[in-house]
Amino acid sequence: MTTLLHIDSSARASRPETDARGSHTRRLSERFISRWREAVPDDAVIYRDVALNPPTPVTGDWIAGAFTAPQERSAEMSAVLEESDLLVGELTWADVLVIGAPMYNFGVPSTLKAWVDNIVRVGLTFGFDRSRKGDPYWPMLEPGKHLVILTSRGDYGYGPEGRLEHMNHVDKALATALTYIGVTEITTIAVEYDEFSDTRVEDSLSDALAEIDALVESMTGGSGTASDDRRQTVQVG
Ligand SMILES: Cc1cc2nc3c(=O)[nH]c(=O)nc-3n(C[C@H](O)[C@H](O)[C@H](O)COP(=O)(O)O)c2cc1C
């Protein structure tokens, strides 16, 4: 059985089907999960809405606890890390991570960054040993996890070789942090032109939905492949 971790982070709580100002990333992630459920009804889905329930940002007490060996932590330190432990647990269980990630000021929403900060944990998701030969840091997640980034931006040209690729700090930030801890495959599907409110955003959205359908089909054992393959899949390591 496959376990999916579904994360939404758009501050827009509603979807474009019911609200002209609704969230594209919520619509994309919902499409991914509903297609997956149709294909494999028994797979497990863990859902987390970090916009609605933002993870606590990292604090000085959090850092002190996280960088103290588990057997030496005080009860207070362990208590501060409880939320992070829970988020790491969800990530550890999951085989497929489906993250709805809007672009806010060229990066991810602060709530999603808070999630990332809570799951990159020394001794749990990455190892560190100053005396280790070669790289003193190493990933600790089980290999084989696939990250699916479902993103949306108001402007256009943030994809590979696009005019604004150098300003896209959404895909790179998520890919960097998650491969650092051991994610081994990443696929990105994007909607663009949200701020243009014309047929370009509609076309971009319907292309993204078709890409999602093809991706789910290929990941669940169907034969589908994307027609024009706008999606980017990167095998890491
Ligand atoms: C606070 C905020 C910051 C934004 N920053 C950018 C940006 O830097 N570049 C861009 O192209 N669009 C930007 N946008 C537009 C969003 O990326 C776009 O509306 C996207 O569809 C949001 O995702 P959602 O539809 O899931 O809510 C921003 C929107 C908001 C609300």
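A polar contact is taken here as a pair of N or O atoms within 3.5 Å. The model is a predicted one, and with that cut-off in hand the ligand is a handy place to start. Phenylalanine 106 qualifies through its backbone, with an N or O atom 3.0 Å from a ligand oxygen. Aspartate 155 does much the same job on paper: one of its backbone N or O atoms sits 2.9 Å from an oxygen of the ligand. For threonine 25 it is the side chain that takes part, putting an N or O atom 2.5 Å from a ligand oxygen. On its own the ligand would expose 630 Å², and the protein buries 79% of that.

Zooming out a little, the ligand occupies the largest pocket. There are 17 residues around the ligand, and the ones that come nearest are Ser10, Arg12, Thr25, Ser152 and Asp194. Sorted by class, this shell holds five nonpolar, seven polar and five charged residues.

Now for the aromatic rings, where the count comes to eight pairs. In one of them, tyrosine 156 and phenylalanine 196 have ring centres 5.8 Å apart and planes at 65°, so the pair goes down as edge-to-face. Tyrosine 156 belongs to the loop between strand 6 (146-152) and helix 6 (171-180), and phenylalanine 196 to the loop between strand 7 (185-191) and helix 7 (199-219), so the pair ties together parts 40 residues apart in sequence.

Key:
Residues numbered from 1 in each chain as written. Predicted model: local features only at pLDDT ≥ 70, side-chain atom pairs only at ≥ 80, totals over all residues. Heavy atoms only, no water. Near = heavy atom within 4 Å. Polar contact = N/O pair within 3.5 Å; in protein donor to acceptor, adjacent residues only side chain to side chain. Areas by Shrake-Rupley, 256 points an atom, 1.4 Å probe, with all protein chains shown as cover. 1 Å grid on protein atoms, 1.4 Å probe; cavity = no way out; pocket = protein on both sides within 12 Å on 5 of 7 lines; lining within 4 Å. Sits in = over half its atoms within 2 Å of the grid points. Nonpolar A, V, L, I, M, F, W, Y, C, P; charged D, E, K, R; others polar. Phe/Tyr/Trp six-rings, centres within 6.5 Å; stacked < 30°, edge-to-face > 60°. Helix = DSSP H or I, 4+ residues; strand = E, 2+ residues; numbered from the N terminus.
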